[in-house]
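Visitor: I'd like a close look at just one part of this model: the open sheet, plus the helix packing you would show alongside it. Could you walk me through that slowly?

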Amino acid sequence: MPGLCRRGSGRLGASGWAFLALTTVVVLVAAGCTSSGAPAPSGPAAAAADTPARAQLRWLFAAVAHLPMSDAEMLAHFDGSYLATVGPAELNRGLQGLAGARLVSIKVGEPSTAVATVAAGGAVRRGRVALTVDSRGLIADVGNVPAAGPVPTTWAGVDTALRSVAPQVHLLVANVSNGSCQPVHSIDPGAAARIGSAFKLYVLQALGAAVAAGTAGWDQPLTITTQLKSLRSGVLQYEPTGTQISVRDTAGKMISLSDNTATDMLINLVGRSAVEAALTATGMANPALDRPFLTTHELFVLALERWPVLAKRYLTANEAGRRTLLASTVDPAPLPTVGAARALLTRDLGSLDYFASASDICRAYTSLAALTRRPGLSPIGQVLSFNDSGLDLDPAQWKTTWYKGGYEPQAWTLAYLATTRTGQSYVVTVLTENRSQPIDAATAPPVLLAAIKGAFILAARR
């Protein structure tokens, strides 16, 4: 299931704001200044005032000294649809946690997103939060980026850490320097499992193939339409219908923000058949598991409309029958509301999802890496590098880090390709699942990130 509330970092709903209050970290991206007239901070925030994203940090740190924020001030800085989702009262409660916070550093990745590290009480408590703005410079999404916990120093430690998160674990650590996946360490890497939003790697593969064939271009404008709008995660669903965005920026949001509307726009551009061809082209062992390849709009309709009757009709049909049902019933259906979509947090969707194995995802990364080396396709690597979801490999040793993950309450996927400064590349892919209860969203991220970081360090030492 494409992430409704997460992209590997936690969205600031009720539990997300609790994290914010605990770690006192935030970055907000928009233009403007506070009506309070409070002075701007010195140091990193002042030095970063050359972009709208960073200028908003000054506004934020001034504004939190004068809470509660008025409705008028919120509307001047936040997207109205986002405010309707979060709620002004909850927003003010969360911002209380920023009192006394000190800005440590700022990192800008995807053009409309920035990440700040701040601390409270000296260096005792630190954390990071990413925020994204819409095309009008209004805040459209904000969420915490977890930090890794204690890093395991042995393969046994890596395995133990992963199994502490969920009972079902699939892991592949592979050297991909020669263009193929050479296993270094693994746990059941060939078994297909739910991958959530990691399916977007295959959409990116299809897009790269289309650009290489000349049927799509990075600067080509795409139009946001009502039919292509999807639910969170992401921010493009908040944009006015008719807004145009380049293919390059759409791909960036699909990967770094796991934007579902961006994903459906790109599937619409290249065609469902092209994404299905990408499953085979990358070497997926059983591509039939993901045929027909669903848009996120279709998946949300199947998961929410007339549940579970429509979903059962789809799942019990053969491939031809599924395609007919999509065209006749699912595609014409309006997008479910955000309120209705909250049911996904507790609903077991079973086989209504996207599937791949850890080995499949490794092969997808090697295929994307090969595309990136072709003329005109370097933006593939750029969009994969925007967001490392808090892994923070040592930049003295690691030159680039690619990331795509997927989240749903009972299944988490984190998939990385990282390259050392000496040119050695490794993939670490983790698929975790707990079929009996949701994975703990508070404790799992630090453990998963630490295990993955440890796997990269161990692999590079061989």
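Guide: What follows takes the sheet strand by strand, then turns to helix pairs and one loop.

A word on the ground rules: this is a predicted model, so local features need pLDDT of at least 70, side-chain atom pairs count only at pLDDT 80 or more, and totals for chains, interfaces and linings use all residues. Residues are numbered from 1 along each chain as its sequence is written, and side-chain values use heavy atoms, leaving out hydrogens and water.

Let's begin with the whole sheet. It is open and has five strands, in the order E7-E6-E14-E13-E12, with antiparallel pairing. (Helices are DSSP runs of H or I with at least four residues, strands are runs of E with at least two, and both are numbered from the N terminus; two strands pair if DSSP finds at least two bridges between them.) At the edges sit strand E7, residues 182-187, and strand E12, residues 398-408, and each of these pairs on one side only. Going from one strand to the next, the twist averages 10 degrees. What holds such strands side by side? Strands of a sheet pair through backbone hydrogen bonds, either parallel or antiparallel.

Now zoom in on strand E6, which covers residues 168-175. Six of its eight residues are buried, so E6 is largely enclosed by the rest of the structure. (Buried means under 20% relative accessible area, exposed means over 50%, and partly exposed is in between, using a 1.4 Å probe and protein chains only.) E6 has a partner on either side in the strand order, E7 and E14. With E7, the pairing is antiparallel and runs over five bridges. To find a spot where they meet, look for leucine 171, which stands opposite isoleucine 187 in E7. These two strands make a hairpin with six residues between them, and in that turn glycine 179 has a positive phi of about 90 degrees.

Turn to the other partner. Strand E14, residues 425-433, is joined to E6 by eight bridges, and the two run antiparallel. Here alanine 174 is your landmark, since it stands opposite valine 427 in E14. Carry on along the order and you reach E13 and then E12. Strand E13 spans residues 411-420 and is linked to E12 by ten bridges, again running antiparallel. Tyrosine 407 has tryptophan 412, in E13, as its bridge partner.

Next, the helices. Two packed helices are described by the angle between their axes and the distance between the axes. Helix H7 (residues 155-165) packs against helix H18 (residues 444-461) at about 160 degrees, with the axes 9 Å apart. (Axes are lines fitted to C-alpha atoms, for helices over the stretch in contact, and angles run from 0 to 180 degrees between N-to-C directions.) That makes H7 roughly antiparallel to H18. (Under 35 degrees counts as roughly parallel, over 145 as roughly antiparallel, 65 to 115 as roughly perpendicular, and the rest as oblique.) The crossing is left-handed, a label used if the near helix is turned anticlockwise from the far one by less than a right angle, with clockwise being right-handed.

Who does the touching? Among the contact residues are Trp155, Val158 and Leu162 of H7, and Val447, Leu448 and Gly454 of H18; contact means heavy atoms within 4.5 Å. The contact residues split into twelve nonpolar, two polar and no charged. (Ala, Val, Leu, Ile, Met, Phe, Trp, Tyr, Cys and Pro count as nonpolar; Asp, Glu, Lys and Arg as charged; the others, Gly among them, as polar.) Serine 164 belongs to H7 and is exposed, with a relative accessible area of 55%. From serine 164 to alanine 444 there are 280 residues in sequence, yet 8.6 Å in space, C-alpha to C-alpha.

For a second pair, try H13 and helix H14 (residues 319-330): their axes come within 8 Å and cross at roughly 150 degrees. H13 and H14 are therefore roughly antiparallel to each other, and their crossing is right-handed. Leu310 and Tyr314 of H13 are among the residues in this contact, as are Leu325 and Val330 of H14. The tally for H13 with H14 is six nonpolar, one polar and two charged.

One last stop: arginine 306 is in the loop between helix H12 (296-304) and helix H13 (309-316). Arginine 306 has a positive phi of about 50 degrees although it is not a glycine, and at 44% relative accessibility it counts as partly exposed.
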